[in-house]
Amino acid sequence: PALNDREWLQINGSFSGIQYIIRNGVSAGDIREPMHQRPMPARGGDNINLTDEQIDKIATFVWSLSRGQ
């Protein structure tokens, strides 16, 4: 899904929502849009395991994309 608009599939698009979804991921059973079938692993997946600081930085970037800043 696009990250540069204000339409969100799993969350409301708030900064805390973005942090939450990066931190917790989306399981296959929780996917709301059938077009998107692959789950999103928490914290980037086992091989990546993002830190809280990295998640905050990514969330800030993604949030700014959706705000056109």
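This is a chat about a few residues in a predicted model.

Biologist: Let's begin with Gln 10; where does it sit?

Modeller: In this predicted model, Gln 10 is placed in the segment that comes before helix 1, the helix spanning 15–24.

Biologist: And which backbone atoms does the side chain of Gln 10 reach?

Modeller: The side chain of Gln 10 reaches the backbone oxygen of Asp 30 at 2.9 Å, and it also reaches the backbone nitrogen of Arg 32, at 2.8 Å.

Biologist: What else is Gln 10 in contact with, leaving aside its neighbours within four places in sequence?

Modeller: With those neighbours left out, the contacts of Gln 10 include Ile 21 and Val 26, and they also take in Asp 30, Ile 31, Arg 32 and Glu 33.

Biologist: Moving on to Ile 11, is that one buried or exposed?

Modeller: Ile 11 has a relative accessible area of 16%, and because buried means under 20%, Ile 11 counts as buried. Ile 11 also belongs to the segment before helix 1.

Biologist: Which residues does Ile 11 touch, not counting those up to four places away in sequence?

Modeller: On that basis Ile 11 touches Gly 17, Ile 18 and Ile 21. For Ile 21, which is 10 residues from Ile 11 along the chain, the separation between the two C-alpha atoms is 7.6 Å.

Biologist: New topic: what is the phi of Arg 43?

Modeller: The phi of Arg 43 is near 55°, which is a positive value in a residue that is not glycine. Most residues other than glycine have a negative phi. Arg 43 lies in the loop between helix 1 and helix 2.

Biologist: Why does Arg 43 count as partly exposed?

Modeller: Its relative accessibility is 22%, so Arg 43 falls between the 20% limit for buried and the 50% limit for exposed.

Biologist: And what about the phi of Asn 49?

Modeller: Asn 49 is not a glycine either, yet its phi is positive, at about 45°. Asn 49 is placed in the loop between helix 1 and helix 2.

Biologist: Last one, about the surface: which residues form a nonpolar patch there?

Modeller: The patch is formed by Leu 3, Phe 61 and Leu 65, and together these residues have about 270 Å² of accessible area.

Biologist: Where is Leu 65 found, and how does it count for exposure?

Modeller: Leu 65 is found in helix 2, which covers residues 52–66. Leu 65 counts as partly exposed, because its relative accessibility is 31% and that class lies between the limits of 20% and 50%.

Methods:
Residues numbered from 1 in each chain as written. Predicted model: local features only at pLDDT ≥ 70, side-chain atom pairs only at ≥ 80, totals over all residues. Heavy atoms only, no water. Helix = DSSP H or I, 4+ residues; strand = E, 2+ residues; numbered from the N terminus. Polar contact = N/O pair within 3.5 Å; in protein donor to acceptor, adjacent residues only side chain to side chain. Contact = heavy atoms within 4.5 Å. Patch = residues over 30% accessible without salt bridge, like charges linked within 9 Å, V, L, I, M, F, W, Y side chains within 5 Å. Areas by Shrake-Rupley, 256 points an atom, 1.4 Å probe, with all protein chains shown as cover. Salt bridge = Lys/Arg side-chain N within 4 Å of Asp/Glu carboxyl O. Buried < 20%, exposed > 50% of the residue type's maximum accessible area, 1.4 Å probe, protein only.
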